[in-house]
Amino acid sequence: MMGTTAFGWHLHGEKRRARTLAALESSPFDRVRMAASATRCTLDELEERVAELAGIGVTAELVLLHPGDGITDLGAAVRYLEEVVPRLAPHENVWWSLSSDPGAFPFLSEHDWVRLAELVAEEDPGHHPLSITVGPESPLLWRRAFTHGSVVAPSPRDAWIQTRDHHKPVSMDMCGYEGDLDDPWRSLTAEEVVTHAWDGAMRRRHVTHGESYLDEDGLTWSEAGGTLVGAAVPRLALLRRFLAETPAEARYRDEDAPGLEVPGEFYLEFCGGHRFPQREYAVPPGRYEVEVIDTWEMTVSSLGVQEGGTVTVPLPGTCGQAIRVRRRP
């Protein structure tokens, strides 16, 4: 699953909502993080938007407690969740995010967040995935009430170092957005976004996309939906294609460049900022198909089939190269 962030796309008029749905349908994204904001739209309207997403094969990851929703104490948070969760839980295309910014609720303690997570689970008979977005050092990541981790960190490597012994899946839901705003978290280049996405995927730390270019209405994709204009999106589509072709049993390969492997059968490695002249793989005897992927230029170059036990892959000496090696009959 590959996600993007469009927190308030559903809170705008019909024209902008239609543009958002069209953009999602033609994108590589099948999950969208959005604020439930049931105080700013009716539950009927929220259900309609979730159903529209289901119609194009997209999961709604509903951020339940969001700044500006008028939640001022624990009791208000409980009442809000008791109203929203049972209403949306019957929809199959729903994930829950308890909050994308727990720090905006200083009156809620760690114990309170765990209690609220348990309440969501109690009110959701379908047991949809549930997370809360925190730093990789937060003890909330380890709490049993959450099905997976959602991390804020400057890079996938930073997140991976602090969560590599984590016993649950971890996604990076805030790693910076492609854009040109004053905020450094919302002014990454497309190249940086693509690098983060590949690096994170190799480490099993999938990075959620975001985009922060102001449009003609003075709004950005990640705050209000609309149209995707960044250069990263088509390149993320290439990444999704390669991930779809990666065996489910592939595991992180802890080398000097991140990669996934099924030993002796499959290797996918991302060289990132390294400009290696070549890479070598020690493999069992057999025949191996070799491909070099330029993740920015979106080219896939076949280097034919080599015989093991050493597969040598020459590289162009530029950044952003990836390699796929697959055993063949």
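Contact here means heavy atoms within 4.5 Å, and angles run from 0 to 180 degrees between N-to-C directions. With that in hand, look at helix α4 (residues 110–123) in this predicted model: α4 lies across β3 (59–65), β4 (94–99) and β5, and runs at about 160° to β4. Beyond that helix, there's a parallel sheet, a helix with a list of buried residues, one cavity of 30 Å³ or more and a pocket of about 300 Å³.

**The sheet**

- Five strands make up an open sheet, ordered β1-β2-β3-β4-β5, with parallel pairing.
- At the edges sit β1 (3–5) and β5 (130–131), each of which pairs on one side only.
- β1 is joined to β2 (residues 31–35) by three bridges, and the two strands run parallel.
- If you want a residue to click on, try Gly3, whose bridge partner in β2 is Arg31.

**Thr5**

- Thr5 belongs to strand β1.
- Is Thr5 buried or exposed? Its relative accessibility is 0%, so Thr5 counts as buried.
- Setting aside neighbours within four places in sequence, Thr5 touches Arg33, Tyr177, Thr208, His209, Trp221 and Ser222.

**Helix α8**

- α8 covers residues 232–244, and its length checks out: at 1.5 Å a residue, its 13 residues should span 18 Å, and the end C-alpha atoms are indeed 18 Å apart.
- Which residues of α8 are buried? They are Ala232, Val233, Arg235, Leu236, Leu238, Leu239 and Phe242.
- The cover over those buried residues includes two helix and strand neighbours you can pick out quickly, α6 (190–202) and β14 (278–294).
- Also among the covering elements are β9 (178–179), β10 (211–212), β15 (299–314) and β16 (321–328).

**The cavity**

- Searching the whole structure turns up one cavity of 30 Å³ or more.
- The largest cavity holds about 60 Å³ of space.
- Its lining is made of Cys175, Gly176, Val193, His196, Ala197, Val207, Thr208, His209, Gly210 and Leu236.
- α6 gives the most to that lining, with three residues.
- Two of the lining residues, Thr208 and His209, also turn up among the contacts of Thr5.
- Leu236 is another link, as it lines the cavity and is one of the buried residues of α8.

**The pocket**

- The largest pocket has about 300 Å³ of space.
- It is lined by 17 residues, and the closest to its centre are Met1, Met2, His206, Arg240 and Leu243.
- Which helix supplies the largest share of the pocket lining? That would be α8, with four residues.
- α6 and α8 each put at least two residues into the lining.

Terms used. Residues numbered from 1 in each chain as written. Predicted model: local features only at pLDDT ≥ 70, side-chain atom pairs only at ≥ 80, totals over all residues. Heavy atoms only, no water. Pairing = 2+ DSSP bridges. Expected span 1.5 Å × (residues − 1). Buried < 20%, exposed > 50% of the residue type's maximum accessible area, 1.4 Å probe, protein only. 1 Å grid on protein atoms, 1.4 Å probe; cavity = no way out; pocket = protein on both sides within 12 Å on 5 of 7 lines; lining within 4 Å. Points joined across faces, edges and corners; volume = space filled by probe spheres on them.
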